[in-house]
Amino acid sequence: MTQAQSPSTSEGIAILGDVDSGYETILSPQALDFIAGLHREFSERRRHLLHRRKTRQKNIDDGSELSFLDATRDIRQSEWQVAPTPDDLQQRNVEITGPVSRKMIINALNSGSDVFMADFEDANSPTWSNTIEGQINLYDAVRRQIDFDDEKRGKSYRLKPNPATLMVRPRGWHLDEKHLSVDSQPVSASLVDFGLYFFHNAKELLSRNTGPYFYLPKLESHLEARLWNDVFDYSQDRLDIPRGSIKATVLIETIHAAFEMDEILYELREHSAGLNAGRWDYIFSLIKTFRNRRETLLPDRAQVTMTVPFMAAYSDLLVQTCHRRRAHAIGGMAAFIPSSQDPDVTEVALNKVRQDKERESSSGFDGTWVAHPGLVPVAREPFDNILKGRPHQKERLRDDVDVTAEDLLDFAVDGGQITEEGMRLNINVGIQYIESWLSGRGAAAIFNLMEDAATAEISRSQIWQWIHRPEATLSDGRSIDKELYAQMVDEEMKEIRDLVGADRFEKGNYQKARQIFDQVATDDDFPEFFTLVAYDELR
């Protein structure tokens, strides 16, 4: 792409990335002025809430416990419901997720799923080009004018009639967008992703009998949900759009949010489209929050399934909470990928997905997530069998569920072990994923699983915890320390080189990925997110 002249903007707004040909539509003066308004209105509250996260973590490190909030007991005990769900979000039995690349958007919208969540967060590497070109792609998708020609493969991709309903996930509150500044401050990545999409597409979406629909990631409290709700009200008023037009589903993917599900729905009740069980980030959050405690020493990540007691409690509480408030409960990700080369691998993957979705549908979930179009029919079948033509099962209130704080915090995994294989897999997958992320690809197929930032966070946080907890040992009795890690990481780097080939290895970002993984897996102080460490490496 050729660099174009930056569009003129209001005073105090600076574009610090290249403005390539075609970017000027998204980065129009009017859109940037809208972003600046969001920043000036909400940046101070955002910073306060991020500081609040650090304060709470320090309190936990000092021994304080998590529990349901006394101050919001009335909200949990009183009867209220979220606003009605729009027609095109009533049926969400299968949702597909993926990055905002052009081909991915077309394939996902054509996949036969009910919803496509276009992801600026965990499945996206937030390079400047990915961010702005993703907005261009969504602009075209909303207007049904998106297409893509793959000249290398001789394939053309066009949108089919009746595509999936579009939802968008902006980045989390903790991330900045370094390529945009307002009054010499970097702008919240959340406000950039939300604001550009909303500014350009909200009215167009409403004219097409749909709406601006979002997923909200990594919230840690109802106060952070309140901030989003105020952002929504401000934005709708600013563009003269009726309040309540925005609908948002919150991912319950932190242990803190698990204790505030009712409160999060309440804060967003005019805009709520339910909750989602973000299982991978949830496991990461457990490790991160209680990393210094013996009782949260988790085994290999493959052993931490949704059927272990603390994960089942979290899942059941989510369904019960949503249905009591007439909100959708959406299940977790099926990350398996069918293999075109190995039918046996595909059969194993499909059976695992089928079992997972049978569990979710029978537990009361209204829908679920997949990462690959080939999984849509397999994931849909269990919901069809349960729902029998109904769009959801909100009437199933799960009165049988009685989840306590102790249930959510009982991290025992019967028979769980830390194995050499599990430790090596974490190292290998973590480095491969970070290399992909540094190369601009935020969703990476590794060992027949679709890995994203959340699974990479589990990998490195488990290594960190195992190294730093003196009682952590491998199943064969060996202690886990930095020396053992250093030996394994050297060996896994050789395995990666053999796997990808010498040429790809030398031309790629594997050495830099190893440096970052070393830092986030072994530093004495636990880095909050690997993306905060690695973001400086992106253009």
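Lys 218, Glu 220, Glu 253, Thr 254, Asp 281, Phe 284, Ser 285, Lys 288 and Phe 529 line the second largest cavity of this predicted model. A cavity here is a set of points on a 1 Å grid over the protein atoms alone where a 1.4 Å probe fits but cannot get out, and lining residues have an atom within 4 Å of a point. The space in this cavity is about 50 Å³, a volume being the space filled by probe spheres set on grid points that are joined across faces, edges and corners. Its lining divides into 2 nonpolar, 2 polar and 5 charged residues. In this division Ala, Val, Leu, Ile, Met, Phe, Trp, Tyr, Cys and Pro count as nonpolar, Asp, Glu, Lys and Arg as charged, and the others, Gly among them, as polar.

Residues are numbered from 1 along each chain as its sequence is written. As the model is predicted, local features need pLDDT of at least 70 and side-chain atom pairs count only at pLDDT 80 or more, while totals for chains, interfaces and linings use all residues; side-chain values use heavy atoms, with hydrogens and water left out.

The whole structure holds 2 cavities of 30 Å³ or more. The largest has a volume of about 160 Å³. It is lined by 18 residues, and Glu 121, Asp 122, Leu 175, Trp 437 and Thr 531 lie nearest its centre. By class, this lining has 8 nonpolar, 3 polar and 7 charged residues. Helix 16 (residues 453–468) gives the largest share, 3 residues; helices (H or I, at least four residues) and strands (E, at least two) are DSSP runs numbered from the N terminus.

Some of the charged residues named above recur in a network of salt bridges that links Asp 119, Glu 121, Asp 122, Arg 169, Lys 218 and Asp 281. A salt bridge is a side-chain nitrogen of Lys or Arg within 4 Å of a carboxyl oxygen of Asp or Glu. Within the network, Arg 169 and Asp 119 meet at 2.6 Å, N to O. Arg 169 lies in strand 8 (residues 165–169) and Asp 119 in strand 5 (residues 115–119), so the pair ties together parts that are 50 residues apart in sequence. Both Arg 169 and Asp 119 are buried, where buried means under 20% relative accessible area, exposed over 50% and partly exposed in between (1.4 Å probe, protein chains only).

Arg 169 is also the nearest side chain of opposite charge to Asp 452, at 4.8 Å, and Asp 452 is buried yet has no salt bridge. For this purpose Lys and Arg count as positive and Asp and Glu as negative, with His and the chain ends not counted. Asp 452 sits in the loop between strand 17 (449–451) and helix 16. A polar atom of its side chain lies 3.0 Å from the backbone nitrogen of Ala 454.

The count of salt bridges comes to 54. One of them joins Arg 45 to Asp 230, with the closest N and O atoms 2.7 Å apart. Arg 45 lies in helix 2 (residues 29–61) and Asp 230 in helix 7 (residues 222–238), so this pair ties together parts that are 185 residues apart in sequence. Arg 45 is partly exposed, with a relative accessible area of 30%, and Asp 230 is partly exposed at 26%.

Another salt bridge pairs Arg 424 with Glu 492 (3.0 Å, N to O). Arg 424 is in helix 15 (residues 420–438) and Glu 492 in helix 17 (residues 482–500), distant parts of the chain 68 residues apart. Arg 424 counts as buried at 18% relative accessibility, and Glu 492 is buried with a relative accessible area of 7%.

Notes:
On a 1 Å grid over the protein atoms alone, a cavity is a set of points where a 1.4 Å probe fits but cannot get out, and a pocket is an open set with protein on both sides within 12 Å along at least five of seven lines; lining residues have an atom within 4 Å of a point. A polar contact is a pair of N or O atoms within 3.5 Å; within protein, one must be able to donate a hydrogen and the other to accept it, and residues adjacent in sequence count only if both atoms are side-chain atoms.
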